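Thanks for making the time. I will put the structure up and then go through it in a few short parts.

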Amino acid sequence: MTGKPLVCSIRNPHPITIGDPRAEFSSGCAVVDVTFPSTKSVDIGEITFKNNYTALLSIKLKVREENEKEEEEPAESDGETTLTWVTGLKNVQLMPDPHCEDRAQSYYRIKREQLLTPPDNVLSVRLVLQQPSPVWLSFGLDDIKFYSPKDETSELMLSELVNGDMPADDEAMNDIRKRVKENKDIPPVEEISTSLQQMWALSETARINQTEASLGRFDVDGSYDINLLSYT
Amino acid sequence: MDGATDMELSHLVDMVTRNLKATPLYTDMRQAAAAQAQKDSFHLGDLKQSLLSALEESGWERKLRNAVYREMLICAQRELSIAPPEDQKEPLTYMRKAQGAWEKRILKSLNSMCTELSVPLARKRPPQEQKELLSRWTELGTEEPDLSHFRPVYAPKDFLEVLVNLRNPNSNWTEQASHFNLWGLVQLPLRTKTRKQLQTDFSELSISEPQAGVDDSPEIPVDVFASERTKLGRRVLEAEHSPLAQQYAKKGCPTGLRGAIWAQILGVKVDSVDQLYYQQLKSYVIHHDLLIDSLIYKDVKLTAANDDYYFVFEDLLHQILLIFSRDTSVLKCFAHTSATPAKSYIRGKLGMEEFQVTYPPSGVIPFHGFTMYAASLCFVYDEPARLYFVFREMYTRYFFHLHHMSSHPQGIVSLCALFESLLQTHEPELFYHLKGVGAQPLKIAFKWLMRAFAGFLGSDQLLLLWDRVLGFNSLEILSVLAFAIFSFRRTNLLEVSSYAAAEAVLSDLTTLKLVPLLQLALFS
């Protein structure tokens, strides 16, 4: 259902401190910086992660915006485009009660439709984590993954295949095509495809008719002689 | 972000349809549809539409609805599908680890029992022995084998000890008293419901509503409540709809209708296939001898056979529990909790994947008092197969939660936390007093909770309690009742000065009336 995972580098949660950084002080707030290494900006389709005792989550996105008119914006100017920070999510509650275990280590999935602004042309992401409860020693997010929107890549691939213009560097594919052209023994494509379709239909019906009901047997080949339990 | 999104919903629908396709209902419905389609009145043009309406008229829709409802109850409250399987079982890592360690302890204890007594865990019975067992199937209780060396694998006391030592490694908890230290024994910051939330959840129990258990007592004329209630019950049964029966059970069932109402809620209908299945399980018991059998035997002897109310059911209990241990369909409920069944290898095939088996086949290792879950049902059902299937359903839906560690709101840890928080909030003086004299309330109440009060309350009162468990589809009522009992005996408890004295005050619960107690605790 989702697109392919996006390559990105994710920094460890950095706790926000006040004054001397060595002094022990818990502000209940931390940030995670995510950067996408490619020079091109990316579109985000979905974010998934496993919560680890974070109560509230905000997401800030650094996006490249097309400049329509020349404006004196405080953001870094880059010729025709401007880099601005926009808010994707603001204080979304991950734990219903920050003092209690409920959903403290659950998995979450945030889709692009749930974000306040469409996450397109994103250069980097900053996740702001908050945990107001003093009950917990530490908090963060684990297993953070970004995915691209679903349709884009598959459509691109399809159009490429239809038009027949494969990427030039794809030598292996060209090689195969050459061989196919040379080899006259291979039957016409239509024939193969009809027979394949039949086979596919057959296997499909077989798969559908298979029940998952178990027969309730617990022995193996009629034997259930056991001496000791195994620890693994 | 919460609530089912389209994708989660379609995932749920997928799962329910997949599960339903594995049931006989699917084939039965297909046959019914085929039979309908062969009738002359059917036109190919509107085949789909008329088939659907024909199935609806012939009662199949009701059956399908019941089946879907049942599946939804089981599938609900699942983690997202992106989570790895172990996270779907239990999201909290330390809880998973604790359950794993506890299981290992049970394994060790079983293994050491095997080596000490030099008996195998399982063996095939020789034909002579099989014949003998078959001949005395209905009087299994009369046999008196020497089981003095067998001991129950664990008792509620051992399990409580483990629960009390559960700690969240990420919490600011310290051994010294600090403000993060909780008063009670359960030191986990679990979310519990307040009395206000419970009042809304259990609103049908309120004093203004007529209840079975109060208004059907012999002193009150029958025509005030009881006869109307029974009439309504009959109509509910005619409708054959699980949610309806569930709603009915919230106010308690009349004794005569209880069996049928419960079966309807649980979706248990013993047909010929089920009878066959039951016979097959019986033959498994005859073929193989398990070490677990001795444990079950011993537990029945120690609990039910020793009890004034339940001793008559001894033979029946032996049959039911032996059969239960061979039923692999029980394994399904392990998919939703942190627990994993014990594994072993067929003799001589150690480490070979295809010879790995679960032990016992049902995956459930009985503890001391396990028998009482089934014993209380013997008052409701007398036919073994029906009794068995209702027991299995009750176990996989409810009792299963009572002896595994999990953060599930119905799990035993949450129930303990709920009990302690209720008692602390509404009877702080009592709680502090008992804690001071070394009688932590949970130490006394734990065995009640773990056994769902089976064998502690009077038998009629217990069934009224289980009516509510089924009706509200929640075990939280157990914690409420435990709190109510403490609150009710508070005057006596405030005078005790030792654990033994406190236990003595609460040792006999058979005289308590369930419904007034619950109402007192929730709504006064």
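One term before anything else: pLDDT is the predictor's confidence in each residue, on a scale from 0 to 100. I need it because this is a predicted model.

For chain A, the average pLDDT is 78, and 73% of the residues score at least 70. Where in chain A is confidence lowest, and where is it highest? The low end is strand β6 of chain A, residues 77-78, with a mean of 50. The high end is strand β9 of chain A, residues 122-130, at 93. There is also a stretch at residues 164-169 of chain A where pLDDT stays under 50. For that stretch the model has seven contacts beyond four places in sequence. Where pLDDT is low, the predicted coordinates should not be read in detail. I will leave that stretch there.

Now strand β3 of chain A, residues 29-35. Five of its seven residues are buried, so β3(A) is largely enclosed by the rest of the structure. Which strands pair with it? I will take three, beginning with β1 of chain A, residues 9-10, which pairs with β3(A) in the antiparallel sense over two bridges. In that pairing, S9(A) stands opposite T35(A). Strand β2 of chain A, residues 14-15, is also antiparallel to β3(A), again with two bridges. Here P15(A) has A30(A) as its bridge partner. Then there is β9(A), joined to β3(A) by seven bridges and running antiparallel. At one position in this pairing, C29(A) faces Q130(A). Strand β9(A) is the one with the highest mean confidence in chain A.

On to chain B. It has 524 residues, of which 52% count as buried. Its secondary structure comes to 25 helices and four strands. Of the contacts in chain B with a separation of 6 or more, 77% are between residues 24 or more positions apart. Chain B exposes about 23,700 Å², and carbon and sulfur atoms supply 54% of that area.

The two chains share a sheet. It is an open sheet of three strands, in the order β11(A)-β3(B)-β4(B), with antiparallel pairing. The edges are β11 of chain A, residues 229-230, and β4 of chain B, residues 356-359; each has a single partner strand, so one side of each is left without a neighbour in the sheet. Between the chains, β11(A) is joined to β3 of chain B, residues 342-345, by two bridges. Within this pairing, L229(A) has S344(B) as its bridge partner. As a general reminder, strands of a sheet pair through backbone hydrogen bonds, either parallel or antiparallel.

Last part: salt bridges. How many does a search of the whole structure find? The count is 29 over all chains. I will show three pairs and one network.

The opening pair is R109(A) with E46(A), at 3.3 Å from N to O. It links distant parts of the chain, with R109(A) in strand β8, residues 107-111, and E46(A) in strand β4, residues 46-52, and the two are 63 residues apart. Are these residues buried or exposed? R109(A) counts as buried at 13% relative accessibility, and E46(A) is buried as well, at 6%. The cut-off in use is under 20% relative accessible area.

Next is D87(B) with K50(A), a salt bridge of 3.2 Å, N to O. D87(B) lies in helix α5 of chain B and K50(A) in strand β4 of chain A, so this pair joins two chains. The helix spans residues 85-89. D87(B) is buried, with a relative accessible area of 3%, and K50(A) is buried at 11%.

The other cross-chain pair I picked is D102(A) with R191(B), also given as 3.2 Å, N to O. Here D102(A) is in the loop between β7 and β8 of chain A, while R191(B) is in the loop between α8 and α9 of chain B. Both residues are in the middle class: D102(A) is partly exposed at 30%, and R191(B) is partly exposed at 41%.

Finally, the network. In chain B, salt bridges link R123(B), R125(B), E129(B), D289(B), D293(B) and R326(B).

That is all I have; questions are welcome.

Technical notes
Residues are numbered from 1 along each chain as its sequence is written. Chains are lettered from A and ligands numbered from 1 in the order in which they are written. This is a predicted model: local features need pLDDT of at least 70, side-chain atom pairs count only at pLDDT 80 or more; totals for chains, interfaces and linings use all residues. Side-chain values use heavy atoms; hydrogens and water are left out. Contact means heavy atoms within 4.5 Å. A salt bridge is a side-chain nitrogen of Lys or Arg within 4 Å of a carboxyl oxygen of Asp or Glu. Buried means under 20% relative accessible area, exposed over 50%, partly exposed in between (1.4 Å probe, protein chains only). Two strands pair if DSSP finds at least two bridges between them. Accessible areas come from the Shrake-Rupley method with a 1.4 Å probe; for residues, only the protein chains shown count as cover.
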